Every structure is written in structure tokens, then in C-alpha cells.
Amino acid sequence: MPSLVDTHCHLAFSAFADDLDAVVERARSAGLVGCVAVAVDPESAEAALALSEQFPGWAHATSGLHPTEAACADPLAWDKVNAQLRGGRFVAVGETGLDRFHDDVPLATQQASLERHLGLAVELDLPVILHCRDAFDELLEQLAPWRARGVRGVLHCFTGDAAHIDRLLELDLHVGVGGIATFKPRDDLRAAVRAVPLTRLLVETDAPWLAPVPHRGRRNEPAYVADVASCLAADRELELEAFCDATTQAARALFNLPSAAPATPR
Ligand SMILES: [Zn+2]
Ligand SMILES: [Zn+2]
């Protein structure tokens, strides 16, 4: 069976509180050798860390302040994130980024928060998970000077075009692709991500949201990353196994994940 990593899910969110064990079991059965449980604030980072202890070597936690969370304007929340990340038990900084679609947090506040995340990611040599909605030019402009400082990371849930891909690759960033790329009318998106080398391509679910075809409209879960992978592998006319091995290798390298999960995870 092909091995997969869901590089972006919110498995510690309450949407999975009632049937977490079954969700993880289905994910393992679908070939998942790991997942990155992404936080949006200090509390969800704690929850993600607890999850990583419950499923050691399989679930991996991040800490950060999502740009649409009020916490991204709160210095105390940043102090907590800073302390959490310095504790050394998280695989990535984020998600952070810019979002002009939800405008509850002013863009300048989001930019200041992103800048703090980038600085800490470079200092701790951790990858950064970037969220971007309706703010691609602003995000790329802010990221540009960070390339020389060694920032690395992934733009998750990519929905842009071929020009955006070029600019992300120029910055040595990875591109995370999720369920939207499986939607029938999104030929344009599939065509754009075809240009991403497999060493830079990550698959993700963003569960519980954005379930891929054929689960569209239902709660998303990490197992469905297999449907994203099938769609993208078919689009490239690649063997599923080769596609999965390559993207899993890319995920392990970026997030510094163990090469094999322990045999007795619980
Ligand atoms: Zn996001
Ligand atoms: Zn997310």
C-alpha cells in the first residue's frame, strides 16, 4: 500500500472529539504513516501536542497564530506560542499567513504576526506553514527578503495559478495541495500544480474542511488524503505508489519526520 502523510489537518479540533480513534484507524488503513496536526492558537497547539503524545511518531503538532484569529493581535498569545515552540516538541511554526477574505483582523496586524512567526522559524530552524487567501502578492512580497535568511516551509491549500507556482518555487517553498484540486471544474488548478516537482509537492486535507471528491460536502478526515493523492497522480499519469512515496519523502524531509512510525503506536 502506498504510504502517505496528511501534511495539514486539524485533527485536534472538536470535530473529531467523538470518534478520534476510528478516524485515526481509518487513516492508518488508508496508508497514512503520519499527519501534521496544525494549530491556530496556543490552545489548539496544546491539543495538537496532546494528540502527538496519544499517537507518538504518527501525529505531529505545530504551534502558531492563524491570521484570522483574534489571538494574532494578542501579545500574550504570541508569548505562549513562542514558549511552546522553544520547548522543542513541535514540527513546524504555524499556521500563519495573510487572509484578506476574512477581514476581522487588519492586514497590518496579520503582517506583523507573520513577521514574528518567520523570525522564530528561522531562529529555531523549523519550517513555517503558510495560509494565504486573497493576499498572494502581499504574502510573496513579505516572504522575499526571508529567503536569504533561510526560511523554509509550505504554502498550504494552494489555489493559485501557474505564475504563483513559479514565484513559490523561486522562494524554495513547498506547495501543499488539498481537496479543492479534486473538484471537477478545477482543471486550471490541476494544470498549475503539475509544474511543481515532486520534491516540493505535499498533499493535505485541511480536515475537517474541504473534503475531496468523492466525499465533498461531508466532514473531511485525514484518510481522504488518499483521494487527493489518487487524483494528482492520475493527473500526472504517474503510478500512485511512486507519487505517494515521493510526496511522503518530501513531507518527511520538510518536517523532519521519523522515517517509520513505531510498530506499536498506542
Ligand atoms: Zn489555512
Ligand atoms: Zn488549516
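In the predicted model, helix α5 buries the residues Phe-136, Leu-139 and Leu-143. These three residues lie on the same side of α5, because the arc they cover around the axis is only 60 degrees. Such an arrangement accords with the geometry of an α-helix, in which there are 3.6 residues a turn, so that residues three or four places apart point the same way. The opposite face of α5, turned away from the buried side, carries exposed residues, namely Asp-137, Glu-141, Ala-144 and Pro-145. The cover over the buried residues of α5 includes two strands, β4 (92–99) and β5 (128–133), together with the helix α6 (162–170). The length of α5 was also examined. Helix α5 comprises 12 residues (residues 136–147), which should span 16 Å at 1.5 Å a residue; the C-alpha atoms at its ends are 16 Å apart, in agreement with that expectation.

The strands β4 and β5 belong to an open sheet of eight strands, ordered β1-β2-β3-β4-β5-β6-β7-β8 and paired in parallel. The edges of this sheet are formed by β1 (4–9) and β8 (201–203); each has a single partner strand, so one side of each is left without a neighbour in the sheet. From one strand to the next, the twist averages 25 degrees. At the β1 edge, four bridges join β1 to strand β2 (residues 32–37) in the parallel sense. Cys-9 has Ala-37, in β2, as its bridge partner.

Beyond the regular elements, Phe-101 occupies the loop that lies between β4 and α4 (107–124). Phe-101 counts as exposed because it has 10 C-beta neighbours inside 10 Å, and a residue is placed in that class when the number is 12 or fewer. When residues up to four places away in sequence are not counted, Phe-101 touches Arg-133 and Asp-134. Between Phe-101 and Ala-70, the separation is 31 residues in sequence and 15 Å in space, taken from C-alpha to C-alpha.

For the protein as a whole, nine helices and eight strands were assigned. The radius of gyration is 17 Å, close to the 18 Å given by the globule rule for 266 residues, so the protein is as compact as a globular protein of that length. Along the principal axes, the C-alpha atoms fill a box of roughly 45 × 45 × 35 Å. Of the 266 residues, 49% are buried. Among contacts between residues at least 6 apart in sequence, 72% join residues at least 24 apart.

Key:
Residues numbered from 1 in each chain as written. Chains lettered and ligands numbered in written order. Predicted model: local features only at pLDDT ≥ 70, side-chain atom pairs only at ≥ 80, totals over all residues. Expected span 1.5 Å × (residues − 1). Buried ≥ 20, exposed ≤ 12 C-beta atoms within 10 Å, placed from the backbone. Arc of directions from axis to C-beta. Contact = placed C-beta atoms within 7 Å. Pairing = 2+ DSSP bridges. Axes fitted to C-alpha atoms, helices over the stretch in contact; angles between N-to-C directions. Rg over C-alpha atoms; globule rule 2.2 N^0.38 Å.
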